[in-house]
Amino acid sequence: MSDKTIYAIYDDDYVLLESAKHIVDKGIHIRDVFSPFPIHGLDPVIGLKRTRIAIAAFIYGMIGVSLALTGMWFFMIHDWPMNIGGKPNFSLMNNLPTFVPITFEFGVLCAAHGMAITYMLRNWTLPGMKGRNPYPRTTDDRFVMEIHTHDNDMDEEGIKALLNETYVLEIDVKNP
Amino acid sequence: MEFTISNKAKLTTLILVVVGLASLLLGIFTSHGHHMSQQLWANLLVNGYFFFTISLAALFFIALQYVSEMAWGVTTQRVFQAIMAFMPIGAVVLLIVFAASSMHWNHLYHWMADGVMDPASENYDKLIHGKEGYLNQPFFWVRTLLYIAVWIYFARWFRKKSLEEDKLELNGATSPIYGKAIFKGVLFIAFFAYTSSSSAWDWIMAIDVHWFSTMFGWYCFSGMWVSMMIVAVVLVQYLKRNGYMKEVNSSHIHDLGKWMFAISCLWSYIWFSQFMLIWYSNIPEEVTYYVQRFEDYQLLYLGTFCVNFFLPFFVLMSRDAKRNGIFLVPIALIVFIGHWVDVLVMVLPGTMFEHGGLGAIEIGMFLTFLGVFIYTVLRALSKAPLMTKNHPMYDESLHLHH
């Protein structure tokens, strides 16, 4: 049996959330939800794992901090010691306060850019890429659940019947 | 639900006071005596200021909650009200210290000494004389009494009206007190914006009378704010563990943790900015403050910064740590001591010079004040229900979730 994709279209985020709860209670697995904005409380209902982007951001930040310190040590201390206002130019430690603002800024820069790029790569939404959302109106005023028959024990008709118990606007089935 | 102070809590505060007094006496009898009186007065100022400003910051936070129409904090509002309760005791301690300074019973404020402003005297100091327009006894007392009187007026008003609000019969209407409280909050914050800085100049910065820093007011302000958030975090954890405050959920705990984390960063930012600008420009009249601290108080001074910044920054950065008492409480307690040491190192170098340090007298005085402070706060907490009624945002706060 081939995998069929069922799209259930809603026009309200709260209705979608309640409907998702209803069909998840009946044992249906929801593959994904497309919506114009994040829906509060939806993640645990459809079983999304907590994002690990915070950990990635921390690592990028630390990389930025190390890069900045290494760079400034090389430019200002090691390669060409610069005497600015008589500040100690023979060691990084003794001159550290001077370098803190730039280290901080560079850490933030790396964390922010790294986080944004990781996010876009992970979602495959780099600039210029074609959108992969099944319904363009999910960027405006529609909320869509994507359910695969392969993920579930129930067949297409059963899932449709369950969805019809909710305030669904339209159900659309796509064959692969 | 009404809170009652358990016998265990009473005993703990009593033990703190007894151990504190014992340590204080031990310190007095084993010390060599030259600077004893000065040391006691300096410590009274440290602890009076530290614990008074914690209460003051709670008042500020309540005013801020009203002004910003903050909803999440309504379930913990009584905790902040209870923390305000130490204000009168702290104020009395501070006033005693200042009165003693005025009467030359101690030498905390060099500008109050005889002859400093008199060109004929051998104590004459031209630089201090130049500041006479601001640093003179009558004006100092007008300012001090004004700050304390106005702050305590607002503290009493917010507490009284909150208790009155509980008794209202509203039948669905919005509490009339809420709008008034927002207005009072605006007035208080406008007043506090100036006086939080100027009180720090008058009471603390004037110790190092030749020195000045435009960031000093903010430095003290962020310090008192983070110490107060720590007290609130620990108190809420304590109440929850003892079965009170069922209404406070993990999102409230998370928000309190976020405040503690954020204000720790604010304090570190201001500490470092003040230090770096002075270090970089290296002007003799500014840099003396740091020279003194680096020569005689290096471990306490730099250690405090490391503890107060790196510990909360790295441990409390993750979301899970901010929601979990196992991380929150130990970090909070360590950083609380860190901020007390911070106030200690604001006061001691200018009053005890190279003879100051962290000894039995300092620890004893701290524990005594801590015991009294905890008991006062718990007693205030037991005098009213733990949850406010009729606050328009109460229901929204109950459903806080993120």
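Helix 2 and helix 8 of chain B are roughly perpendicular to each other (a term for angles of 65 to 115 degrees, with under 35 degrees counting as roughly parallel, over 145 as roughly antiparallel and the rest as oblique), because their packing angle is about 85°. The axes of helix 2 (residues 36-67) and helix 8 (residues 216-241) of chain B lie 8 Å apart; axes are lines fitted to C-alpha atoms, for helices over the stretch in contact, and angles run from 0 to 180 degrees between N-to-C directions. Helices are DSSP runs of H or I with at least four residues, numbered from the N terminus.

This is a predicted model, in which local features need pLDDT of at least 70 and side-chain atom pairs count only at pLDDT 80 or more, whereas totals for chains, interfaces and linings use all residues. Residues are numbered from 1 along each chain as its sequence is written, and chains are lettered from A and ligands numbered from 1 in the order in which they are written.

On the helix 2 side of the chain B packing, the residues are B:Thr53, B:Ile54, B:Leu56, B:Ala57, B:Ala58 and B:Phe61, and they meet B:Met224, B:Trp225, B:Ser227, B:Met228 and B:Val231 in helix 8, contact being defined by C-beta atoms, placed from the backbone, that lie within 7 Å. The residues of this contact between helix 2 and helix 8 of chain B comprise nine nonpolar, two polar and no charged, where Ala, Val, Leu, Ile, Met, Phe, Trp, Tyr, Cys and Pro count as nonpolar, Asp, Glu, Lys and Arg as charged, and the others, Gly among them, as polar.

In chain A, helix 3 (residues 53-79) bends by about 35° at A:Trp73, the bend being the angle between axes fitted to the seven residues ending there and the seven starting there. A:Tyr60, A:Gly61, A:Gly64 and A:Ala68 of helix 3 of chain A are buried, that is, with 20 or more other C-beta atoms within 10 Å of their own, as against 12 or fewer for exposed and in between for partly exposed, C-beta atoms being placed from the backbone. The buried residues of helix 3 of chain A pack against helix 4 (96-123) of chain A.

Two residues of chain B that are not glycine have a positive phi, as tabulated here.

| Residue | Phi | Loop of chain B | Other C-beta atoms within 10 Å |
|---|---|---|---|
| B:Met245 | about 55° | between helix 8 and helix 9 (250-281) | 23, buried |
| B:Asn282 | about 55° | between helix 9 and helix 10 (284-296) | 12, exposed |

Note on methods. Helix = DSSP H or I, 4+ residues; strand = E, 2+ residues; numbered from the N terminus. Contact = placed C-beta atoms within 7 Å.
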